[in-house]
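Let's take a walk through a two-chain structure. Have the picture open while you read, and look up each piece as we get to it.

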Amino acid sequence: MGVRKDGWGTRVGLILAMAGNAVGMSNFLRFPVQAVQNGGGAFIIPYLVCFLVIGIPLLWVEWSMGRFGGKFGHHSTPFIMDTMHKNRLWKYIGVFGIWTNIAIAAYYCYMESWTLSYMFHSISGSFEGLDQNGVASFFDNYINLGTSTFGIPWEPVLFFLVCLFLNTYILSKGLEKGVEKVAKIGVPLLIVFGIFLAIKGSTISAGDNGAIYDSVDGLNFLWTPDFSSIWSPSVWLAAAGQVFFTLSIGMGTVHCYASYVKAKDDIALSAMSSGWMNEFVEVVIGSFILIPIGVAYLGLDGLKEMVNLGALSLGFKTLPYLFMQWGDIFGAISSFLFFSLLFFAGITSSLAMGTPWIGFLKDEFNWKHKPAAWSFGLIILLLALPTIFFFKYGVFDEYDYWAGTVSLVVFALLESILFAWGFGITRGWQEITANAEIKVPNIYKYIIKFVTPVLLLWVFIGSLVTPKDGNWEAAFQGDWTLDDSSIIKTLMNSKIKDKLANATDPDTIAFLEDQLFYVNASRLLLLSVFISFALLVYIAYKRRIKNNQS
Amino acid sequence: MNVSALILMVVTVGTVAGVTIYLFVKVLRTPPNPEPDSYNANDDVEERQGL
């Protein structure tokens, strides 16, 4: 068995770090957007059911896989999975657990740097006097690397470098003195900021500071149950997808953090505590900020219109304007608190993304902690540059789609099969319940074995061959035209090719041709990174054979 | 707010907040498991499947 050199200082620190890993910007931006796009109250019930039958089981699976692998001195998924089954291919499936984190961290750190930048812009008054279009233009100008109001050339690059340095420096301090310390400060702070904004956001009355509706109307929309949605596969797919994002499952970070838990320690209660803490932030705090404020100032139709432009658009192009309706000073403070909250949510997640790579280098290639941490920073820098400089061509979105969406489902599906069927549910259940400080309901034994893998398979197939406009009824009746959002159509670049076929303006045609090039190039880049990591795993495996023989 | 929305909101928020607080308090109050008298001797022998 391996010797543990690094570890968690306290159990509360571990839980806050795990919660910080799960609580990300999606809790405050993606969740409300998904809720609005899927009918408000229609979304909540499937979301909660998915949390119970996909989220909780996968949390237990990943925590127990991590603690099990940690007993053998492994802290990244390739060799954690290798300890669980004799088939040598599993360690290459485990490459997802490193690759996903690196690829996500590359664009996530960039997004995190926007929140850092917006904190400064909020308090420096950059949004004062701007109308909604003005704030939207501010963001467009920012991501297109235009000259900022601070007069700093390439300001997004500067903030990104600061953000990346912060992440790498904290990671280089180790688990207890770096990650855990930040989580102990960041998570409570974001909860306090969130509660403040939630109270303010949900108590706006029509007429107050230009509000056209009561914010309660937003809550009404979000919480009015719609039981007809129970039969809509699209809503269920969206709900299951949100559970993935919000809990950071299918990534490999949970395994890595849990691999530092001692064999004698509980994981059942800790996993539940961190998972429910994430739900608290998402459901109790997240649902009381964006939707109520948006409805109060934009109306329901206005909010739906903004939401169709995406979560980022809503968060960075609209919210600062809405906050500024509360007056120059209070608006600036609220905007600062909101982007601070997003920053803390972001950094506690991006730190988690660095740990599997560091663990892998330390375990397999005997790297020291600091060089391993700085190598993470260097890789992220190189991989993030295309997302910064070719943002307008959709490189950022490509990273998000393949690493931050598809990969999570694929990896979660495969790990659930490994755990329940390869490793075996009997041994798996023993791992989950070993030293457990809560009674784990026996029904979860069957949920983990049958329900979770089947649901994950359904989510994957549903995403692979999504029917046009999510019309499953028509699809089952034989009219299975693929939607442009399906994985197959996305892979074929159907959306861009359709636009190209209909374009007549030479500039538009040139832009779309460039976009096609950059989209394909970014996929090749991501694929080559995956192959490189798989090669490293192969080399590590050969080293193990050599060391065992000598 | 309409009644059904209010009920769903109160039940959901109450449940999520209640369970979160309950679990976190349980974590704070539960003492850490003691180390076995002889750690290696009492530890279950785990067998790895791969290399």
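A helix here is a DSSP run of at least four residues marked H or I, and a strand is a run of at least two marked E, with the numbering starting at the N terminus. By that count, chain B has two helices and zero strands. Keep in mind that what you're looking at is a predicted model. Its scores are ipTM 0.91 and pTM 0.93.

**Chain A as a whole**

Chain A has 25 helices and, again, zero strands. Its radius of gyration comes out at 23 Å, close to the 24 Å that the globule rule gives for 550 residues, so chain A is as compact as a globular protein of that length. If you drew a box around its C-alpha atoms along the principal axes, the box would be roughly 75 × 55 × 50 Å. Of the 550 residues in this chain, 54% count as buried.

How much of the contact network joins residues at least 24 apart in sequence? Take the contacts in chain A between residues at least 6 apart: 79% of them do.

**Chain B and where it touches chain A**

Chain B has 51 residues, and buried ones make up 14% of them. Its mean pLDDT is 82, with 69% of its residues at 70 or more. Where pLDDT is low, the predicted coordinates should not be read in detail.

So how do the two chains meet? On one side there are 28 residues of chain B, and they are in contact with 40 residues of chain A. Sort the chain B side by class and you get 15 nonpolar, eight polar and five charged residues.

**A helix with a bend**

Now find α21(A), which covers residues 443–464. At 1.5 Å a residue, its 22 residues should span 32 Å, and the end C-alpha atoms are 30 Å apart, which agrees. Where does α21(A) bend? Look at Lys449(A): the bend there is about 35°, and a proline, Pro453(A), follows within four residues.

Both of those residues are on the list of buried ones in α21(A), which also includes Tyr444(A), Ile447(A), Leu456(A) and Val459(A). The cover over the buried residues of α21(A) includes α4, α12, α19, α20 and α23 of chain A.

**Two enclosed helices**

One of those covering helices, α12(A), runs over residues 233–247. It has 15 residues, 13 of them buried, so α12(A) is largely enclosed by the rest of the structure. Its length works out too: at 1.5 Å a residue it should span 21 Å, and its end C-alpha atoms are 21 Å apart.

Helix α3(A), at residues 30–37, is another one to look at: seven of its eight residues are buried, so it too is largely enclosed. Among the buried ones are Arg30(A), Phe31(A), Pro32(A) and Gln34(A).

**Positive phi angles**

A handful of residues in chain A take a positive phi. Here they are side by side.

| Residue | Phi | Place |
|---|---|---|
| Asn209(A) | near 45° | loop between α10 and α11 of chain A |
| Asp469(A) | about 55° | loop between α21 and α22 of chain A |
| Ser248(A) | about 55° | just after α12(A) |
| Gly39(A) | about 90° | just after α3(A) |

Neither Asn209(A) nor Asp469(A) is a glycine. Are these two loop residues buried or exposed? Asn209(A) has 15 C-beta neighbours inside 10 Å, so it counts as partly exposed. Asp469(A) has 12, so it counts as exposed.

**Close in space, or far apart**

Ala436(A) sits in the loop between α20 and α21 of chain A. It is separated from Leu269(A) by 167 residues along the chain, yet their C-alpha atoms are 6.7 Å apart. Leaving out residues up to four places away in sequence, Ala436(A) touches Asp266(A), Ala268(A) and Leu269(A). With 17 C-beta neighbours inside 10 Å, Ala436(A) counts as partly exposed.

Then try Asn520(A), which lies in helix α25(A), residues 506–549. Asn520(A) and Met324(A) are 196 residues apart in sequence, and 40 Å separates their C-alpha atoms in space. Asn520(A) is partly exposed, since 13 other C-beta atoms lie within 10 Å.

Definitions and conventions: Residues numbered from 1 in each chain as written. Chains lettered and ligands numbered in written order. Predicted model: local features only at pLDDT ≥ 70, side-chain atom pairs only at ≥ 80, totals over all residues. Contact = placed C-beta atoms within 7 Å. Nonpolar A, V, L, I, M, F, W, Y, C, P; charged D, E, K, R; others polar. pLDDT = per-residue confidence, 0-100. Expected span 1.5 Å × (residues − 1). Bend = angle between axes of the 7 residues up to and from the residue. Buried ≥ 20, exposed ≤ 12 C-beta atoms within 10 Å, placed from the backbone. Rg over C-alpha atoms; globule rule 2.2 N^0.38 Å.
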